[in-house]
Amino acid sequence: MQKVKMALIGAGGYGSMYVHMLCAFHEAGQLEFAAAVVRRPEKIPDTVERLRKLGVRIYPDSRTMYEGEALDVVCIPTAIESHEAMTLEALEYGVNVLVEKPVAGSMRAVEVMKAAEKSHPDNFVMVGYQHVAARELQRIKQIVLSGRLGKVMQITTCGIWPRADVYYGRNDWAGKLKSKNGDWVLDSPVNNAFAHYLNIGLFLAGRSFGQSADAVAMEAELYRARAIETFDSCAVRVETAVGVKILALFCHTAEKSFEPSIRIDCERGTVRWAQGPESGWEVCDAAGKVLEEGVVVDSRADMLLDAAGKVVDRARFVCTLDIGAKQTFCIEKLHRHFESTRLDASYVHRRESDGQLTVDGMEALWKKSFDEGKMPAECGDEKWLARSERVEWASLGAERLCAARRGLTPRGPGAESKGRTALWRSARQSLAVAGRRPQLKMRNAVPPLSPVRARPPGRSDRSPRDVMGLDCSAPTHARRRSDRAQ
């Protein structure tokens, strides 16, 4: 049987992980690693040499590669703002897509990508949320859906990964709302390093195996220790349409790592899943008796093999755009409705060797919040904490009114399925190049309503806002306040 031919755009940075796995699968005869786009080969000479020895053809740009190759799947582990254009281009050339997470920087971009996939029924687009491909998490979802443990009450996930100066200096969009080209990226712990874990929470809460849950309400504590546009630590509680709450606790401002862990609290039992030194998963009944257990393995290999397998068997389950879009929807809502708290310098400490920042009490508090299943401000007494208002989408009428007066175009639940054909037609018309297939370069036309607003250093207090969105001059219509003195 002919092997599936796969290609890669971007072999440096995180793309090096794809290089490693694609080369391994190629050498094992499981697929053909046919081609790669390497725009600056002088920066990764060892990688380029390895690819050439393996017979992988190197191209300077994607259009040249598509015109010179007959490909089945292209992997796109590139910057967030490029996902939309590169996905559309691949589909125009009839190539299936594995695009890295998150799907895109805005729901507008996601909608264009979904419309493009719909317009190419012979092709598929899958998203690089590898935990959706993890066999043990798929098994856990089957157990949850079976009803053995009763109704799911809450899914809690926590991760602490220190990130120093080198992390925020690795590109021109780390910690920013937009790229230098003006494309939305909304980079933050919950939309980059830990995006997987909010996404897997939404997936595990979904009504059926192939669905993720819809968010209907949210609370958020967003904290900035570093001088960035977004935030470097957060606690986000999402309420879903099925009644399941998802609490996500992520932190980059700590001394030591706490590897991502998930707990699913049900009426008649608990599921625990963890990476790192205590890696493993178990399903327990209400009395604590272990019903099932297993190991946690790196699921990126499964994700890549699923991409190759779906070329042959279109029924194979993968992380679709619909699944990945639920996370992007939450991120856009987060930036529409909540502001970050700029932490006072007296609470923040800097390690001179690498610029790692830590915040008084944050590392221990995030672990306590995970153990208790509560927001940090609900179980901690640190002075820098800021409580969050609860925002639900039932007030979308007020949101649309407020947005219209500010000259913005909001999108909300139910809007994502409207106008797909028009979106795709508009994209093609505006990007068509006479005489040949287009090299697509798009901009996100509709931004989130209100990105996180910069706040003067030292301030963590909240000015009053009308919760129903009637204060149309304000950048958000949910207020957040600090109940504790500085």
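Of the 486 residues in the protein chain, 59% are buried. The structure is a predicted model. The chain exposes about 19,300 Å², and carbon and sulfur atoms supply 49% of that area. Its secondary structure comprises 15 helices and 20 strands. When contacts between residues at least 6 apart in sequence are considered, 72% of them join residues at least 24 apart.

**Strand E1 and its surroundings**

Strand E1 covers residues 5-9, and five of its five residues are buried, that is, under 20% relative accessible area. The strand is therefore largely enclosed by the rest of the structure. The side chains of E1 are divided between two directions: Lys 5, Ala 7 and Ile 9 point one way, whereas Met 6 and Leu 8 point the other way. Residues of both groups are buried.

Two strands pair with E1, as set out below.

| Partner of E1 | Residues | Sense | Bridges |
|---|---|---|---|
| Strand E2 | residues 32-37 | parallel | five bridges |
| Strand E4 | residues 73-76 | parallel | three bridges |

Individual residues can be assigned to these pairings. Ile 9 of E1 has Val 37 as its bridge partner in E2, while Leu 8 stands opposite Cys 75 in E4. Ile 9 and Leu 8 point in opposite directions from E1, and both are buried.

The connection between E1 and E2 involves a helix. Helix H1, residues 15-27, joins with E1 and E2 in a β-α-β unit that is right-handed. Within this unit, E1 and E2 run in the parallel sense.

Note on methods:
Residues are numbered from 1 along each chain as its sequence is written. This is a predicted model: local features need pLDDT of at least 70, side-chain atom pairs count only at pLDDT 80 or more; totals for chains, interfaces and linings use all residues. Side-chain values use heavy atoms; hydrogens and water are left out. Buried means under 20% relative accessible area, exposed over 50%, partly exposed in between (1.4 Å probe, protein chains only). Helices (H or I, at least four residues) and strands (E, at least two) are DSSP runs, numbered from the N terminus. Two strands pair if DSSP finds at least two bridges between them. A crossover is right-handed if, with the strands pointing away from the viewer, the path from the first strand over the helix to the second runs clockwise. Contact means heavy atoms within 4.5 Å. Accessible areas come from the Shrake-Rupley method with a 1.4 Å probe; for residues, only the protein chains shown count as cover.
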